[in-house]
2 protein chains.
Amino acid sequence: MNRAVGEKEGVKGASGRRSPCPVACCLDLMGDRWTLLVVRDLMMGAERFKEFTASPEGIPTNILSDRLGRLLESGVVVQVAAADGSRHPAYRLTEKGRELIPILGAMRDWGLKWEEGTRVMAGREG
Amino acid sequence: MNRAVGEKEGVKGASGRRSPCPVACCLDLMGDRWTLLVVRDLMMGAERFKEFTASPEGIPTNILSDRLGRLLESGVVVQVAAADGSRHPAYRLTEKGRELIPILGAMRDWGLKWEEGTRVMAGREG
DNA sequence: CATCATGCTTGCAAAATGAAAGCATGATGC
DNA sequence: GCATCATGCTTTCATTTTGCAAGCATGATG
């Protein structure tokens, strides 16, 4: 991992926060073009590295690796033993991660209403 | 403005879209650390350039200028004549912009619940 | 006409992004 | 048991974005 070299935060005291505003804090963690797409994929049932890269947006592998690392750090995601017996562990949303659903839901609704040509994509589990 | 040089989209056909997913599309427009904070400030009653720079996160002026330009382009914001008689026009949310409220609300709720030390800030209008 | 406030733009160094290639590890084939 | 392959990353590096600081245009003010 290319962050967290010599710093050990993560448990609670996220230091580099721009302000106490909960929206700003959320954006400190999720404010980029990829993080919430990874969370979206997790909600759609994606668990393995390859599955995230297969999404239509085509996330670069170094970005995916970095984002999964940050999501692990912030407790939105955990790694669990893969159910299909694979040697590689699977990524799974925590309760904290699952509670991001309302944000994604609001974004989906807004996009569908205001941006022509958008449509919900078929997922692994409808 | 440093974008939209030689391209005329804006009316509808946002070309550079990564996928038809409404979440991805929303993130194409709002997926960065500042855009939604500008929208938050607009919701709190901010209308003038100086007011946005006064928020605790301290947005750089070049970023603010760029984001206001993008929000104007995407129809989330309009410029109207200032009510206080100032020569400078004020920025105001459109209906499309006001409908971003559920996204900000969900982020605020999530931040308050999961990130210690966050709290809603006093705004111009409660 | 000098000074100031507002609303930007410009310059530039540092950080993030992203395409492509490289690498480690375990399973598979023979 | 050794080459091959798939998965899951890491590294490299050119390009883009960020963000601090300074500059600049315009209209009000003294």
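Helix α2 of chain A and helix α1 of chain B are roughly antiparallel to each other, because angles over 145 degrees count as roughly antiparallel, under 35 as roughly parallel, 65 to 115 as roughly perpendicular and the rest as oblique. This is a predicted model, in which local features need pLDDT of at least 70, side-chain atom pairs count only at pLDDT 80 or more, and totals for chains, interfaces and linings use all residues. Residues are numbered from 1 along each chain as its sequence is written, chains are lettered from A and ligands numbered from 1 in the order in which they are written, and side-chain values use heavy atoms, with hydrogens and water left out.

**How the two chains meet**

Let us look at that first helix pair. Two packed helices are described by the angle between their axes and the distance between the axes. For α2(A), residues 35-43, and α1(B), residues 22-30, the angle is about 170 degrees and the axes are 10 Å apart. Axes here are lines fitted to C-alpha atoms, for helices over the stretch in contact, and angles run from 0 to 180 degrees between N-to-C directions. Helices (H or I, at least four residues) and strands (E, at least two) are DSSP runs, numbered from the N terminus.

On the α2(A) side, Leu36(A), Leu37(A) and Arg40(A) take part, and they meet Val23(B), Ala24(B) and Leu27(B) of α1(B); contact means heavy atoms within 4.5 Å. By class, the residues of this contact are five nonpolar, no polar and one charged. Ala, Val, Leu, Ile, Met, Phe, Trp, Tyr, Cys and Pro count as nonpolar, Asp, Glu, Lys and Arg as charged, and the others, Gly among them, as polar.

Now for α1(A), residues 22-30, and α2(B), residues 35-43: they pack at an angle of about 170 degrees, with axes 10 Å apart. That makes α1(A) roughly antiparallel to α2(B). Val23(A), Ala24(A) and Leu27(A) make the contact from α1(A), with Leu36(B), Leu37(B) and Arg40(B) from α2(B).

**A crossing inside chain A**

Helix α2(A) also packs with α4(A): their axes come within 10 Å and cross at roughly 75 degrees. The two helices are therefore roughly perpendicular to each other. Here Thr35(A), Val38(A) and Val39(A) of α2(A) meet Leu64(A), Arg67(A), Leu68(A) and Leu71(A) of α4(A). This contact has five nonpolar, one polar and one charged residues.

**Around the DNA**

Start with DNA strand D. There are 16 residues around it, and Arg48(A), Lys50(A), Ser65(A), Tyr91(A) and Trp34(B) come nearest; a residue is near a strand if one of its heavy atoms lies within 4 Å of it. Sugar or phosphate holds 71% of the atoms of strand D within 4 Å of the protein, and the rest belong to bases. Helix α4(B) gives the most to the surface near strand D, with four residues. By class, that surface has five nonpolar, six polar and five charged residues.

DNA strand C also has 16 residues around it, and the nearest are Trp34(A), Asn62(A), Arg48(B), Lys50(B) and Ser65(B). Of the strand C atoms that come within 4 Å of the protein, sugar and phosphate account for 70%. The largest share of the surface near strand C, four residues, comes from α4(A).

The table lists some polar contacts (pairs of N or O atoms within 3.5 Å; within protein, one must be able to donate a hydrogen and the other to accept it, and residues adjacent in sequence count only if both atoms are side-chain atoms).

| Side chain | DNA atom | Distance |
|---|---|---|
| Arg48(A) | phosphate oxygen, strand D | 2.7 Å |
| Trp34(B) | phosphate oxygen, strand D | 2.3 Å |
| Asn62(B) | base nitrogen, strand D | 2.7 Å |
| Asn62(A) | base nitrogen, strand C | 2.7 Å |
| Arg67(A) | phosphate oxygen, strand C | 2.8 Å |
| Thr61(B) | base oxygen, strand C | 3.0 Å |

**Confidence in chain A**

Chain A averages a pLDDT of 86, and 85% of its residues score at least 70; pLDDT is the predictor's confidence in each residue, from 0 to 100. Over residues 1-14 of chain A the pLDDT is below 50, and this stretch has 13 contacts in the model beyond near neighbours in sequence. Where pLDDT is low, the predicted coordinates should not be read in detail. Among the elements of chain A, helix α6 (residues 101-114) has the highest mean pLDDT, 98, and strand β1 (residues 77-80) the lowest, 94.
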